[in-house]
Amino acid sequence: MVRNARSYTDDDAVGFLVGDFDALPFADDSLDHVFSMEAFYYAADPRNTLREIRRVLKPGGTFYCAVNYFAESESTHAWQDNIAVEMTLWSREEYREAFRDAGLYVAEQDNVPDREIEIPDATEFPTDDWDSRETMVDRYRTWGTLLTVGVAP
Ligand SMILES: C[S@@+](CC[C@H](N)C(=O)[O-])C[C@H]1O[C@@H](n2cnc3c(N)ncnc32)[C@H](O)[C@@H]1O
């Protein structure tokens, strides 16, 4: 993933490093922002990861946590069947509670459905991997990504 990410930029100001959610390789109060896309639910101890994020954020720093695997988006639940790592399946409310338990204010929580991409006609876009075409449309049009934004006090 880092090799992939590096291939998108030759900007010397951008750095890459590999770390584990359970022990973020940053000093206390050292970061302005943390962004996680489609990764947080792989944390072995997500509550500890939130405490780690709280630890490394400066006062007023933000954590943008984006996940597509969450309780309300039911068609994503089957992902766990194909993944060896135990994944965290929290609801919108559980995300908010866990952020607060870790000492983060919840500034915002929203779903980011994809309503702009035109979904091709069923004959042009087979959905054999889904229970039904309606399930597929629900997954993208209704739920999409869950974004929870935390702020360090
Ligand atoms: C679905 S990929 C998402 C990657 C990228 N953010 C994107 O949107 O394309 C999930 C990422 O989570 C990382 N990951 C899984 N468990 C992790 C852990 N315990 N600590 C740090 N990263 C982890 C994986 O290495 C992988 O890069």
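The lining of the largest pocket is mostly a nonpolar affair: 21 of its residues are nonpolar, 6 are polar and 1 is charged. That pocket belongs to a predicted model, and it is a good place to start.

How much space lies in the largest pocket? About 1,000 Å³. Its lining counts 28 residues, and the closest to the pocket centre are Leu17, Gly19, Phe21, Phe35 and Ala39. Three elements, α1 (2-6), β1 (31-37) and α2 (46-56), each give the lining at least two residues. Which of them gives the largest share? β1 does, with 6 residues.

Step back to the whole chain for a moment. The protein chain has 4 helices and 4 strands. Follow the sequence and the pattern reads α-β-α-β-α-β-α-β. Along the principal axes, the C-alpha atoms fill a box of roughly 55 × 40 × 30 Å.

Now return to the largest pocket. The ligand sits there. Around the ligand are Met1, Gly19, Asp20, Phe21, Met37, Glu38, Ala39 and Tyr42. By class, this shell has 5 nonpolar, 1 polar and 2 charged residues. Gly19, Phe21 and Ala39 deserve a second look. They are in the shell around the ligand, and they are also among the lining residues closest to the centre of the largest pocket. Met37 belongs to the shell too, and its position falls within the range of β1 (31-37).

Which atoms meet the nitrogen atoms of the ligand? From Asp20, a polar side-chain atom lies 3.2 Å from a ligand nitrogen. Phe21 brings its backbone instead: an N or O atom there lies 3.0 Å from a nitrogen atom of the ligand. Met37 also uses a backbone N or O atom, which lies 2.9 Å from a nitrogen atom of the ligand. How much of the ligand does the protein cover? On its own, the ligand has 600 Å² of accessible area, and the protein covers 55% of it.

One more pocket remains to be visited. The second largest pocket holds about 170 Å³ of space. Its lining is formed by Glu74, Ser75, Ala78, Trp79, Asp129, Trp130, Asp131 and Thr135. What classes do these residues fall into? The lining has 3 nonpolar, 2 polar and 3 charged residues. The charged ones are Glu74, Asp129 and Asp131. Set that beside the largest pocket, where the lining has 21 nonpolar residues and 1 charged residue.

Technical notes. Residues numbered from 1 in each chain as written. Predicted model: local features only at pLDDT ≥ 70, side-chain atom pairs only at ≥ 80, totals over all residues. Heavy atoms only, no water. Near = heavy atom within 4 Å. Polar contact = N/O pair within 3.5 Å; in protein donor to acceptor, adjacent residues only side chain to side chain. Areas by Shrake-Rupley, 256 points an atom, 1.4 Å probe, with all protein chains shown as cover. 1 Å grid on protein atoms, 1.4 Å probe; cavity = no way out; pocket = protein on both sides within 12 Å on 5 of 7 lines; lining within 4 Å. Sits in = over half its atoms within 2 Å of the grid points. Points joined across faces, edges and corners; volume = space filled by probe spheres on them.
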